[in-house]
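Thanks for sending this one over. Here are my notes as numbered points, to be read with the structure open beside them.

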Amino acid sequence: MGGSSSLLPQEALGEYQANPFQHRICHVFSTSEDGDDSMSFEDFLDMLSVFSDAATSDIKSRYAFRIFDFDDDGVLDGKDLEKLVNCLTGQGEEARLSSIEMEQLIRNVLEESDIDKDGTINLSEFQHVISRSPDFVSSFKIVL
Amino acid sequence: MSRLPTVTLRVPENTESDGREPSPDNEGALHSSFCQLIEEQSSLVAGAIEMELQERGREPSALLPPPHPMATTGLEPEQGEQHPGYATTLRILANMPSRTIGRSRGAILSQYYNRTARLRRRSSRPSLQQLSLTARSSLRHYDLESDPAHSTLADKQSLLELLSLPPAQRSHMLLEVPLSLEEKRSLRRQLSQKRSTPGLRAHSADPTSPCAWCQDCIVLGCRTFWYRFLALVHTAQPWHYALKQIGGRFGSSVLSYFLFLKMLLMLNIFSFLLLLVFVVALQAAYPPAVASPRPFTGLEFLTGAGSFTHSLLYYGYYSNTTLNDPSASSPSGNTSPPRATQLPYNMPLAYVFTIGASFFATCILLMYSIYHSFGKSYHVGSSTGVLAIKVFCAWDFKVVQRRSVKLQSENICTQLKELLAEQRLRSCPLSLPQRLRHITVLLLAWLLALGTVLGCVVAVHYFSEHMHVQEQGAAAGSAWQQEGVLLALPLIVSLLNTLMPHFYNLLAAWEKQDSPGAEVYVAICRNLLLKMVVLGLLCYQWLSRRVVCSAKECWETCVGQDLYRFVVMDFIFTLLDTGFGELLWRLILEKKLKSKQKPEFDIARNVLELIYGQTLTWLGVLFAPLLPAVQVLKLLLLFYIKKTSLMQNCQSPSKPWQASHMSTVFITLLFFPSFLGAAVFVSYTIWSVKPSETCGPFQGLQTIYQTLKVWVELLEESNPNIAWFSWIPQYLVENTIFLFFLTGVVLAIIYLNIHVLRGQHRIIRLLEEQIANEGEDKRFLIRKIRSIYEHKEHCA
């Protein structure tokens, strides 16, 4: 991957993963000032450290929140959830949920996780949802 | 500025005159409000608006989108009304602590400092009065984040807090804090710079003596070494690459089967090593005189009889005397040359103690595994919120292959659609005739399942009696006939165990349960019931010896051989099932039906097969001490065969599978009917069954347990000082009152825990109500701010 002075552009990383969240992961972990979401070696180490076995559930949930926050406003609102579900279900037309189903889904998710009823999910509420699922830590993992 | 935060004011009258948002409270009355705070904000805001207009050119991401129509903040924006108060309110919203806590460096450091300080039980942080401006998130709403002077001050504050920690804790905290590597490096640089400045040395708590510095260096060095060692251990684990491959293609659900297999392998290796060191190796060093060893034919691997009968494999080979006893003379008349050290070894005592110790250790290990995985998978109040959990936690990042990723997306889509459909169905419940029909179908399916279990048990019983008659008839025939007759019963039992799960799958397809989770549980229940009832019948037959092994003198060896045959036959049928179920089915699907789909890997059925095989091993350990070794070989071969078949023939299951929850269920099933059943069987055998007269380490005794009693009496005789030692078996083990007392204690603990859980549920409900109320407060305040700005707009 090169030394600490070389940068890994986003396109090169795309070949390594078929992950639908690859762009968001690059954006979250990149500390480059150019805004082109390229990752230095330290950023790559950060990414692997967060996705490793040794990272605690707290760290993983914080970074998962930032990855799922598509518009970077610090909360997950309905649009973020819609984009998230579209990433999960894939890009094919037959694989997407219909708009009625999407509305029902987003309404239910907000009902289940939004405790202070402001229509958005902030970091604490997200961590509360994550803590109820024991599978999160083992699925938010990339094995080298 | 060292003001205290709370301000009490009157609300100006004219803010209520628009009457747009009627409030339940009488707002003309005197009450504490944040009017001065809002006035302060508005003066700062006027300056901030200019800054924002400048920043808009530089940072397009800092612009806030208008809130989603679903947001219920009460800020429904009227289209076209873009007054600066609205934008500023949005800006204030964006800087609320609940939204920026994940991103502000000062807040993150503050939070982690608080956690570290609380964990290490240090004194609490400096009180509010001493801090003019603080980085603590609860008090940050005074200032806008855009103020650069404040943010550096907040950083400085958090740096000061960090400095007050000792270096070991500080480095540990820096490791855990979720900041990027560059920021951590810059923090460390700043901290080391600050440490060198003499002015701050008075604040830091660590003394400047070289002794403390040495201590810190040693602690840091040890910790680095420990992390390096852990990393090495992690990569040196067996099958690391194979498991990664499996996880990468099939995800966590199929991986859990292989992890379960690995756990069983470790348990068996542990039992085998214990038995090897204390029983088998010593008996191998002092072999008893064998009458006439039979010639070796290849069939022994299948039947366990023939030349294997008088070997280390079975109970009958082990001697009932003290090995290497200096006072006894060997039966063949040769006296061994006098050695420097003579260590006599009491074989019967060693046999019973080692078996007891291996069962006890396995029990402890299993209970620890259950406790560990139960703690991970169970949380108070975790039954609700299925959809949210599915959306946030369903994506398995381990999966890397393109095709598998596509498959995973399809699976998640299907599962989401099913959950939504289920919810829609629940909101409009079934009519009465439909429900009755559903209940009748369920009842019929269960009756059919139980009927088949009963039928299988009766069939096995009659078949074994028939085989017994055949055996006596075939005793005069050739060796092949004799061996063939022995294999018939294990063949039938394994055949039933292989075919019945497929029948239960068909039954489940006809039954159509409400949720896929319930389907899995019902399938596991039925399969487990069948296997355990058949095993129960076989155990009864072995112990009563009316049908099986009735004519043999050395019945323990006979039972051991039977169990060996069951284990081998189980392995053969697993191979056949893999071959026919997976390989052949894939070929049929590809060639005949021309579909792209491969057969799915049925995790529950495979795990239950593993549990069944392990139960057989535990049942047979007393009669065939090398059976764990056979099981180790079997599991090793099974791993590679299953992995190859999986890679070539299968795809991951489309039904949702909660890996850690199901792992807990499987370990519990391994412990509760399987291990405990085997332990009860072995305990009953040791306690009450008369061992055979002519072979084995317990020949001539009334029960195997008598060995221990004889030993305790021997100890008492040899040394009257330790006569109290005989008190333990007499009053603790044989006395039932002690067992009642233990049971009472366990029941009391369970009752207390249930009450604690109920209390925790109540507290969670109260806290959720409180948070909802806080949300209401927030909305109320935002509405007030907006109405104030609008009023100002109108006045201006």
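1. Let's start where the two chains meet. In this predicted model, 71 residues of chain A are in contact with 64 residues of chain B. Putting the chains together buries about 6000 Å² between them, and carbon and sulfur atoms give 60% of that area. Three residues are worth colouring on your screen: Arg62(A), Leu88(A) and Arg132(A) supply 11% of the area that chain A buries against chain B, more than any other three residues.

2. Next, the polar side of that interface. Between chain A and chain B there are three salt bridges, and 15 residue pairs are in polar contact across the interface, counting pairs with both residues at pLDDT 80 or more. One of the salt bridges pairs Arg185(B) with Glu42(A), whose closest N and O atoms are 3.1 Å apart.

3. Which elements of chain A give two or more residues to the side that touches chain B? They are α3 (41-50), α4 (57-68), α5 (78-89), α6 (99-113), α7 (123-131) and α8 (136-139). Of these, α6(A) gives the most, with nine residues. Sorted by class, this side of chain A has 32 nonpolar, 19 polar and 20 charged residues.

4. Now chain A by itself. Chain A has eight helices and zero strands. Of its 144 residues, 60% count as buried. Chain A exposes about 5900 Å², with carbon and sulfur atoms supplying 53% of that area. Among the contacts in chain A between residues at least 6 apart in sequence, 53% join residues at least 24 apart.

5. A residue to click on in chain A is Ser61(A), found in helix α4. Is Ser61(A) buried or exposed? Ser61(A) has a relative accessible area of 2%, so this residue is buried. Leaving aside neighbours within four places in sequence, Ser61(A) is in contact with Leu123(A), Phe126(A), Gln127(A), Ile130(A) and Phe136(A).

6. Chain A also has an internal salt bridge to look at: Lys141(A) pairs with Asp53(A), and the closest N and O atoms are 3.0 Å apart. Lys141(A) lies in the segment after α8 and Asp53(A) in the loop between α3 and α4, so the pair ties together parts that are 88 residues apart in sequence. The two partners can be described one by one: Lys141(A) is buried, with a relative accessible area of 16%, whereas Asp53(A) is partly exposed, at 47%.

7. On to chain B, which has 24 helices and two strands. Buried residues make up 42% of its 796 residues. The exposed area of chain B is about 44500 Å², and carbon and sulfur atoms supply 64% of it. Among its contacts between residues at least 6 apart in sequence, 78% join residues at least 24 apart.

8. Glu176(B) brings both chains into view. Its place is in helix α6 (residues 167-176) of chain B, where Glu176(B) is partly exposed, with a relative accessible area of 32%. Which residues does Glu176(B) touch, not counting those up to four places away in sequence? Glu176(B) touches Ile59(A) and Tyr112(B). As a ruler across chain B, the C-alpha atoms of Glu176(B) and Lys594(B) are separated by 53 Å, with their positions 418 residues apart along the chain.

9. Over all chains, a search of the whole structure finds 18 salt bridges. Within chain B, Arg526(B) pairs with Glu511(B), the closest N and O atoms being 3.4 Å apart. This pair links helix α17 (residues 516-544), which holds Arg526(B), with helix α16 (residues 479-511), which holds Glu511(B); the partners are 15 residues apart. Arg526(B) is buried, with a relative accessible area of 2%, and Glu511(B) is buried as well, at 3%.

10. One further chain B pair, and then a network. The side chains of Lys634(B) and Asp570(B) meet in a salt bridge with an N to O distance of 3.0 Å. Lys634(B) is in helix α20 (residues 627-649) and Asp570(B) in helix α18 (residues 555-592), 64 residues apart. Both Lys634(B) and Asp570(B) are buried. Finally, have a look at Asp577(B), Asp602(B), Arg605(B) and Glu609(B), which are joined into one network by salt bridges that share partners.

Methods. Residues numbered from 1 in each chain as written. Chains lettered and ligands numbered in written order. Predicted model: local features only at pLDDT ≥ 70, side-chain atom pairs only at ≥ 80, totals over all residues. Heavy atoms only, no water. Helix = DSSP H or I, 4+ residues; strand = E, 2+ residues; numbered from the N terminus. Buried < 20%, exposed > 50% of the residue type's maximum accessible area, 1.4 Å probe, protein only. Contact = heavy atoms within 4.5 Å. Areas by Shrake-Rupley, 256 points an atom, 1.4 Å probe, with all protein chains shown as cover. Buried area = accessible area lost by both parts, 1.4 Å probe. Salt bridge = Lys/Arg side-chain N within 4 Å of Asp/Glu carboxyl O. Polar contact = N/O pair within 3.5 Å; in protein donor to acceptor, adjacent residues only side chain to side chain. Nonpolar A, V, L, I, M, F, W, Y, C, P; charged D, E, K, R; others polar.
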